[in-house]
Amino acid sequence: MDMLVYVSVFVAPLFFIFIHLWRHNRNTPTPKWPIIGMLSGVLRNLSNIHDYTTTILKYHGGTLKFEGPWFSNINFVLTSDPMNVHHITSKNFGNYGKGSEFHEIFEVLGDGIFNSDFQKWKYDRAILHSMFKNDSFESLLQQIIQKKLETCLLPFLNHASKTGSHVDLQDIFQRFTFDNICSMVLGFDPSCLPNKFIEFSEVAYEKAFNKMEDAIFYRHVVPRCLWKLQKWLQIGQEKNFNKSQKIVDQFLYERITSKREERRNHAKVDGSSFDMLKVLMETSGKEQTNDKFLRDTAINLLAAGRDTISAGLTWFFWLVSTHPLVEAKILQEIRENFITEKENWLASGVKELDKLVYLHGAICEALRLFPPVPFEHKCAIKSDILPSGDRISPNTMVLYSLYSMGRMEQTWGKDCLEFRPERWISEKGGNIYVPSYKFITFNAGPRSCLGKNISFVQMKIVAIALLWNFKVQVVEGHPVTPSVSVVLHMKHGLKVRVKKRCIDDECSK
C-alpha cells in the first residue's frame, strides 16, 4: 500500500506536466518537449521541410528561436523578416560570418569564397569580380552556351519530340549546366549531355555532387556529435560523402595538372583560350596558385554554376508550362523584339536580352517562389539585437529562409503564392527594382551573388531557345514537390513531353 502511495505521488505530477505540455503544444506548429525540444516537429515534417518552415515563421511573426534536443547544439534563430535580413547582410554585416560550424558542414568547399570570411573572402571576391568583368568572359559565356545548345540540348530534345518519349528535364538541365560550367571554369567539357536521344551514361564526378548535397543537408538536421561519429566510423551518409569527395577531388586535381601542362606550352592567356582556371594561374600571386587554392576556387564555382541554374530552369519551365497565358506572352515578346525565322538570334549578343521585360519578370517570379538555395545561415560574432527585437548571443547561428521570404504576404501581397510575372513590370513597361533583402534569391549586401547577371543570361538564353522551338508538357500525374536538400531540386525530377513548335506556332495548336 505504501509503495502504491509513493508511486502515485511520483506519477501524478508527471501526468499533470504532460497534460499541461500537451495542451500548450497541440495548437502550435512548433511543439516544445522536454529533452527533445522542438525537434519532433521537424522530424514529422522533414519531407515537407520548406513549407513547414514557412508555416512556423508565419505563426511566430517572421522570427523564431529554435531549440533542439538537450546537449545537441541544434539551437538557432530562424527568420524571414526582410529587415532582419537587411540588418544581418548589410547594416551589421561585420558581425555575421560563416562560423566554424558552417565550415565543418561545408568542408568540401575548402577555403573557397562560399566558405571564407573577412580578408580571405575579400581577396577571393576581388579575383572573381575581375574575371567576370573581363571582356573575354562574356564572349566565352555566349560561345559555350550557344555551342552546347546547338550541338546537344536542341538536337536531344528534337529527337525526343520525334519519338514522343518522356524526358526528365531536371536531369537534362543538370547535365547541360555542368557541361557549361566545367567548360567555363576548367576549359573542359565532360559531355554529360549527349546530342542524341539515348540512355544517359552516368558520369561519376557529376553524380558525386548530388550525393554530397544529400550528406550536407543531413548534417543540418542531425546532432553534430552523431554525424561526426558516423564520419569517424565511415558509415551511413558520411561514408557516401567521403567517397563522393574523393571522386570530385580526383577529377579537379587531374584538370589542374592538365591545365598546368597546357600553360607550360603557352606563354600567356589570350581571348581564344580563355578559361577561369587558366586566368587564376596567370593573375593570382604565386603563393595563391597552389593546387589547394585552385581546387577550392574551382569547386565553389562549379557548385554555384551547376546546381543553382539547373534548379532555377527546372522550376521556371514547370511554372511556364502550367501557365499557358504566361507562355503565350513570353512567345509574343520574343517574336516582337528580335527573332525572325532566318536570323541566328544568339549572334546578336547578350545585351539584346534586356529587351525581354516580361521574360525577365517571369524568371524573377520563378526564383522568388523557388529560390535555388532555400536557406542561408550566418553566425554572430558578438551579441546583437535584430530589428524584430530578438536578442542574438555571441556564436549563435542565424538562419534566414529564402523560400519563406518569397511567400510572405507582408512583402509580396495576398497573391504571394501565385505565379504572376506582371508584379515585376511597371506601368511604363520596364522591370521593377526590388531591394535584394526582399528579393533574396541572389543574397544581399556585400556577399550578394557575383554571378547574378551570368545566371540571368544563361536562363534567358535557354528559355528563349526551348520555348521558341518546343512546347513543354508535364506528364499527367507526375508529382512535383521540392526535394529535401541544400539546393531546391524537384524530388522526383520533372518528367515532360516536348513537342516541336513551328515558327508560326501552328504546330502546337
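**Sheet, core and salt bridges**

Strand E10 (residues 495-500) and strand E4 run antiparallel and are joined by two bridges. Within this pairing, Val167 has Val496 of E10 as its bridge partner. The model is a predicted one. The two strands belong to an open, antiparallel sheet of three strands, ordered E4-E10-E9. Strand E4 (167-168) and strand E9 (470-474) form the edges, each pairing on one side only.

A helix covers part of this sheet. Helix H18 (residues 452-469) lies across E9 and E10, and runs at about 90 degrees to E9.

The largest nonpolar core holds 131 residues, and the members that touch the most others are Phe316, Phe317, Ile330 and Leu466. Helix H13 (residues 291-321) is the greatest contributor to this core, giving 14 residues. In soluble globular proteins, nonpolar side chains tend to be buried together. Phe317 shows which parts of the chain meet here: beyond its neighbours within four places in sequence, Phe317 is in contact with Leu169, Phe173, Val462, Ala463, Leu466, Leu467 and Val472. Of these contacts, Leu466 is itself among the four core residues that touch the most other members.

The charged side chains form another set of links. The whole structure contains 29 salt bridges. In one of them, the side chains of Asp111 and Lys292 meet at 3.5 Å, N to O. Asp111 sits in the loop between helix H5 (99-105) and helix H6 (118-132), while Lys292 is in helix H13, so this salt bridge ties together parts 181 residues apart in sequence. Asp111 is partly exposed, because its relative accessibility is 42%. Lys292, at 38% relative accessibility, is also partly exposed. The pair is part of a wider network of salt bridges that links Asp111, Asp249, Lys292, Arg295 and Asp296.

A second salt bridge joins Asp275 to Lys259, with the closest N and O atoms 2.9 Å apart. Asp275 is in the loop between helix H11 (236-265) and helix H12 (276-283), and Lys259 is in helix H11, 16 residues apart. Both Asp275 and Lys259 are buried.

A third salt bridge connects Glu422 with Lys329, where the closest N and O atoms are 2.8 Å apart. Here Glu422 comes from the loop between helix H17 (409-412) and H18, and Lys329 from helix H14 (residues 324-337), a separation of 93 residues. Glu422 has a relative accessible area of 29% and is therefore partly exposed. Lys329 is partly exposed too, at 41% relative accessibility.

Definitions and conventions: Residues are numbered from 1 along each chain as its sequence is written. This is a predicted model: local features need pLDDT of at least 70, side-chain atom pairs count only at pLDDT 80 or more; totals for chains, interfaces and linings use all residues. Side-chain values use heavy atoms; hydrogens and water are left out. Two strands pair if DSSP finds at least two bridges between them. Helices (H or I, at least four residues) and strands (E, at least two) are DSSP runs, numbered from the N terminus. Contact means heavy atoms within 4.5 Å. Axes are lines fitted to C-alpha atoms, for helices over the stretch in contact, and angles run from 0 to 180 degrees between N-to-C directions. A nonpolar core is a set of buried Ala, Val, Leu, Ile, Met, Phe, Trp, Tyr and Cys residues joined through side-chain atoms within 4.5 Å. Buried means under 20% relative accessible area, exposed over 50%, partly exposed in between (1.4 Å probe, protein chains only). A salt bridge is a side-chain nitrogen of Lys or Arg within 4 Å of a carboxyl oxygen of Asp or Glu.
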